[in-house]
Amino acid sequence: MPANAVEVKSLSKRFGAFTAVDAVSFSVEKGEIFGFLGANGAGKSTTIRMLCALLDPTSGTASVGGFDIRREPEKVKRSIGYMSQRFSLYDDLTVAENIRFFGGAYGLNRGTVASRLPWVLEMAGLRGREGSLARTLSVGWKQRLALGCAVLHEPGIVFLDEPTGGVDPASRRRFWELINGLSEQGMTIFVTTHYLDEAEYCNDIRLIHAGRIVAGGSPTELKTAAIRHPILEVACDRPVEALEILQKEPWVVDTSIFGLSLHVGVGEEAEGRRLLADRLGRAGIAVRRVDRIMPSLEDVFIHEIETNAAPGPAAAGEAKP
Amino acid sequence: MKAILSIVHKEFLQLRRDRRLFPLLFLSPILQLLLLGYAANLDVRNIPAVVCDQDGSAASREFIAGFLNSGYFSVRARVGRLEAIDAYLDRGLASTAFVIPRGFGDDLAGGRPGKVMIIADGVESQTATIGVNYSTMIAKRYAQRLLLERLERVQGRGGIRPVQVDARVRVWYNPELKSRNFMIPGVLGLILMVMTIALASMGIVREKEAGTMEQLIVTPIRPHQLIVGKLLPFVLIGLVEAAFVLAVAAFWFVVPVRGSLGLILLACLAFMLNTLGFGLLISTISRTQQQAIFTAIFFIMPMILLGGFVIPIESMPPFFQAVSRAIPTRYFFTMIRGLMIRGAGWPEIWDQMLPLAALGAFVLSLSIARFRKKLD
Ligand SMILES: Nc1ncnc2c1ncn2[C@@H]1O[C@H](COP(=O)(O)OP(=O)(O)OP(=O)(O)O)[C@@H](O)[C@H]1O
Ligand SMILES: [Mg+2]
């Protein structure tokens, strides 16, 4: 078996005239937590579905667990676990019935299922609720149950499509602890999300925007290498108005709003501070504080999207530095 | 095998929790049986009739009494002139008229065939046909009695030729022309068909809509395992349903069940192979439950009509007779009527059973072949 759990070469998917995934290439090393980040409609689910052999790619190739997704879709399916974006267990089955069913579907015998059942219940925090209908569980529980069903057969790779969508931060943190636990057992994790803070949990990240990979690397690599210009955090009055004014300035690389303050990327720090105070002063906006900050992944993301907004060949393909 | 059993088990659990299933399974067949067993009863009673007795003899009066006592006709008016009949038929006050011409009594007494005219309103062709059939039967019975009387009277004298009659009743097995005996076995087929197609056509598409299909096809389950696993619980439900309808037919409607139960069961199984296979085929090619329902309805109609539920195959135009060979209901209706009413056995039904089973195997294979473990 090759060293990489997933190997993707210029994979594309078109729906009619619309290109949802545009010639993406990347590889996922065995045992790592690989994060696939992107806004709504970026093409995350479409990519993951192709890798799970649920959708045929329009062009390009990929191998998962050493099997070609086009030629050996059934072998791919046997070697992976998958948790789709929508909750897709049976609402009208109980927790235990869902677990047993998926155990059977993966060909596990009764004994194995019986021995894995307590583990899943424990992991999902569903001990004592095995008789509840899945419908009655709250979203966080459903997601943990779905994760349990996806890894019941102990696959080498598990694909999780926005596993933490729509739950509170505490549940999200809890879920990520589970993911970490699985990773420590040696499982390769491929996870999509549009929560940028979650990317910090990953070993390796790809940012996908409008079907193209626009940046990649580890969280630290991304933050230091992808943004070579300083980022200033500006606390000021009327931030929305300030944002609109700054966006028009040629010396501003990119701007975005973070709560009550602005993040402004500039060419050089001292020069940037001077121009900023000058421009906002002319507009009558009081600047309370300007700090140089470490870029967050969100800054990276916004920077990459803004610099790649005009689709060019540079944005496509392998983006890992 | 493990995968199939898992699916079967899962389906049963889901069926058990489906609150709509029980009423659908037992109340709806009762309703359909009552409707088709009573309301859509093709037996015609009290057909409004006009009598025009121009003869006025003892023989003609006796003949007419024979009609009235049968219960099939009730006299709305007695008229003297032939032209007066038109008014009743035109205005729909009567749908049949009996005309006994002058000389009827004399003709019979003289050993010549007695002439009677029966006019039926052909607009309601069903009623007309049935009315005419009844009339012919009653007339023949009358002639038969006449013949018997005549023979008794001429006994000993010899020489006189009796009235020419062919009094053999044409309708076999159903001497009272009870249309219920024709309808109820058909209703069994109808209920079985609608029920199993409805269940199966939802079987796959419901999972597509719920999103569970995505999770299901990412497992190593194979298409035939999924289809068979979905099919088996429905087969069991279908058999329970068939047994239930059969029991209601036999004990409530007192329709004969003369053939062997084993063969009836086998016929139901062969039939369900078709309806379930067909339902699953619809389900695999539909994207939404709504699509599946409309597709099912679209195909159920011709299955009922061309299968000979109301119109017997023999009275269809040759083209439709040919088309009906591809329609499973045709074989099932023929078989189940034969099995229940005539007490047919294997020698009489094998030529229906084999094409039915073959058709079912074909449809089922088609639905397995059409099932893709892909999302698009
Ligand atoms: N079957 C389909 N037919 C047509 N267009 C599709 C289909 N599936 C996805 N798309 C389109 O492809 C694009 C990418 O969709 P995809 O579901 O991969 O996005 P995503 O990154 O997973 O977004 P989200 O965060 O909303 O889940 C979207 O614009 C979507 O509308
Ligand atoms: Mg998605």
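Which residue stands opposite A:Val64 in E5(A)? The residue is A:Phe67. The structure is a predicted model, in which local features need pLDDT of at least 70 and side-chain atom pairs count only at pLDDT 80 or more, while totals for chains, interfaces and linings use all residues. Residues are numbered from 1 along each chain as its sequence is written, chains are lettered from A and ligands numbered from 1 in the order in which they are written, and side-chain values use heavy atoms, leaving out hydrogens and water.

Chain A offers a good place to start. Its open sheet of 4 strands follows the order E2-E1-E4-E5, with antiparallel pairing; strands (E, at least two residues) and helices (H or I, at least four) are DSSP runs numbered from the N terminus, and two strands pair if DSSP finds at least two bridges between them. Strand E2 (18-29) and strand E5 (67-68) of chain A each have a single partner strand, so one side of each is left without a neighbour in the sheet. Strand E4 (residues 59-64) of chain A is joined to E5(A) by 2 bridges. Helix H1 (residues 44-51) of chain A packs on this sheet and touches E1, E2 and E4 of chain A. The direction of H1(A) makes about 120° with that of E1(A), where axes are lines fitted to C-alpha atoms, for helices over the stretch in contact, and angles run from 0 to 180 degrees between N-to-C directions.

Chain B also has an open sheet of 4 strands, here in the order E2-E1-E3-E4 and with mixed pairing. Its edge strands are E2 (73-79) and E4 (117-120) of chain B. Strands E1 (residues 47-53) and E3 (residues 96-100) of chain B run parallel and share 5 bridges, and B:Ala49 stands opposite B:Thr96 in E3(B).

How do the two chains meet? In all, 26 residues of chain B are in contact (heavy atoms within 4.5 Å) with 33 residues of chain A. The area buried between them is about 2600 Å², 55% of it from carbon and sulfur atoms; buried area is the accessible area (1.4 Å probe) that two parts lose on being put together, summed over both. In chain B, B:Gln215, B:Val218 and B:Pro220 lose the most area to chain A. The interface holds 2 salt bridges, defined as a side-chain nitrogen of Lys or Arg within 4 Å of a carboxyl oxygen of Asp or Glu. One salt bridge joins the side chains of A:Arg49 and B:Glu214 at 2.9 Å, N to O.
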